[in-house]
Amino acid sequence: MESVESKVQATIQSWERGRIFFAQDFTEFGNPDNVRQTLSSLTNKGTIMRLARGIYYWPKYVGEHSIKVIFPTDDLIAQAIADRDKIRIIPYGDKAAFNLGLSGT
């Protein structure tokens, strides 16, 4: 019988690097406490990174043999949360003006 940790780790390693994911993505592998402990263990080992409570990142690196991590932008994190919650992000203010081409900066 496979452990929760091995199932979670295998799933994460099957993804493309740079993916943002959530603790809820692994509920089919065990109860929430086991999943949280597993993600905490993988974070402590340096396999994944914790961006915020319940939000994790499968790090992407510069170059093939580099140790420099490319961190996700705020927009990518916000979009991942919006996708999870099935909501739409609507820009306003300066961001909306820029997207419409009404602003040069």
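**Exercise 1. Describe the largest pocket: its volume, its central residues and its lining.**

Step 1. The largest pocket has a volume of about 250 Å³. A pocket is an open set of points on a 1 Å grid over the protein atoms alone, where a 1.4 Å probe fits, with protein on both sides within 12 Å along at least five of seven lines; lining residues have an atom within 4 Å of a point. The model is predicted: local features need pLDDT of at least 70, side-chain atom pairs count only at pLDDT 80 or more, and totals for chains, interfaces and linings use all residues. Residues are numbered from 1 along each chain as its sequence is written, and side-chain values use heavy atoms, without hydrogens and water.

Step 2. The lining holds 16 residues; closest to the centre are Gly18, Arg19, Ile20, Leu76 and Ala80.

Step 3. α3 gives the largest share, five residues. Helices (H or I, at least four residues) are DSSP runs, numbered from the N terminus.

Step 4. By class, the lining has nine nonpolar, two polar and five charged residues.

**Exercise 2. Which residues line the second largest pocket?**

Step 1. This pocket encloses about 170 Å³.

Step 2. Its lining consists of Asp75, Ala78, Gln79, Ile89, Ile90, Pro91 and Lys95.

Step 3. Again α3 gives the most, here three residues.

**Exercise 3. Characterise the packing of α1 and α2.**

Step 1. The axes of α1 (residues 4–14) and α2 (residues 32–45) come within 9 Å and cross at roughly 60°.

Step 2. The contact (heavy atoms within 4.5 Å) involves residues including Val8 and Ile12 of α1 and Leu39 and Leu42 of α2.

Definitions and conventions. Axes fitted to C-alpha atoms, helices over the stretch in contact; angles between N-to-C directions. Helix = DSSP H or I, 4+ residues; strand = E, 2+ residues; numbered from the N terminus. Points joined across faces, edges and corners; volume = space filled by probe spheres on them. Nonpolar A, V, L, I, M, F, W, Y, C, P; charged D, E, K, R; others polar.
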